[in-house]
Amino acid sequence: MNRTLIEKSLEKDFEHFFLEDDLSRNHSYISSLPNDNVACSLKIKDDLVLAGLPYFFGAFNHLGADLDSTELLKNEGKSFKKEDKAEIHFDLPFSLALTGERIALNLLQRASSIATFTAKFVELAKNSETKILDTRKTTPGLRGLEKYAVRAGGGYNHRLGQSDMWMVKDNHKSFFGGVKEAVDFFRSMNGFYTPIEVEIHDLAELQAGFELGIKHFMLDNFSPEDIQKAVAIKPSGVTFEVSGGIRIDTIENYLIPGVDAISIGSMTYDAPAVDLSLKYKRS
């Protein structure tokens with residue numbers, strides 16, 4: 001079986017996904033499904049960026065299919081138009097097509113929805129120096145898929161887990177007693193290569209961060225006017241990330257020279273669904 005490395009890395013995830021369908025409960029049904037080959041057509045029914053094909057084909061391969069996805073994956077990350085009536089074709093035993101269809105489509109639709117939504121933000125920012133980032137506001141159990149989809153849509157990943165970067169959040173500052181005290185706590189972790197980013201809400205906190213030697217700042221819920229003021233005092237070698245309820249219809253207000261990145265939680269938790277379906281017939 002010609003499986004991709006990503007399929008192998010997802011074996012435990014696929015086990016969990018298919019456990020939800022409780023296939024082991026009805027052996028009579030499973031054993032009765034015909035194994036005749038069917039010609040399958042993945043139908044693209046919306047304007048979209050297609051993402052998640054390794055998950056889609058991996059779901060069928062997890063059930064025992066022998067799909068060589070090398071050729072099929074050439075469509076990953078491509079943009080399709082609804083009027084193209086695009087289809088992707090492959091063959092499967094009927095039993096595996098029927099059993100894997102819904103989980104495979106659910107994963108593909110979720111990834112394509114996020115990639116498509118991300119691409120819209122990226123397009124609006126293409127003439128700026130600002131990168132579009134995701135957040136950790138992801139669906140539990142699907143973070144890998146959703147952050148993969150952000151990259152497929154042209155965005156960047158902020159961090160996969162908490163310890164990729166120490167983020168000093170409001171609750172840290174409140175608990176430890178301020179910016180300095182919270183920063184001191186994370187510096188005591190002795191993460192030699194682990195950077196620290198401080199979430200700030202006003203110019204006074206920003207100045208305090210400068211004095212502590214912080215290099216990465218999240219300007220949270222700053223107005224465009226306050227971002228302009230922050231950029232005006234930004235030292236060399238410092239990065240500014242802007243965050244806080246930025247939407248597709250407001251992002252252009254925040255594409256200010258000096259803003260290195262904009263992080264957008266809604267790219268993963270509020271991406272509009274795209275329409276895909278799988279049809280098959282006897283070969």
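Is Ser95 buried or exposed? Ser95 is buried, at a relative accessible area of 8% (buried is under 20%, exposed over 50%, partly exposed in between, with a 1.4 Å probe and protein chains only).

Some ground rules: this is a predicted model, where local features need pLDDT of at least 70, side-chain atom pairs count only at pLDDT 80 or more, and totals for chains, interfaces and linings use all residues. Numbering runs from 1 along each chain as its sequence is written, and side-chain values use heavy atoms, with hydrogens and water left out.

Ser95 sits in helix α6, residues 94–124 (helices are DSSP H or I runs of at least four residues, strands E runs of at least two, numbered from the N terminus). Leaving aside residues up to four places away in sequence, Ser95 touches Leu33, Pro34 and Asn35 (contact means heavy atoms within 4.5 Å).

Now for strand β4, residues 87–93, whose side chains alternate. Here is how they split:

| Face of β4 | Side chains | Buried or not |
|---|---|---|
| One face | Ile88, Phe90, Leu92 | buried |
| The other | Glu87, His89, Asp91, Pro93 | not buried |

That fits the usual picture: in a regular strand, side chains alternate between the two faces of the sheet. Strand β1 (residues 37–44) pairs with β4 in the antiparallel sense over seven bridges (pairing takes at least two DSSP bridges). Across that pairing, Val38 stands opposite Leu92 in β4.
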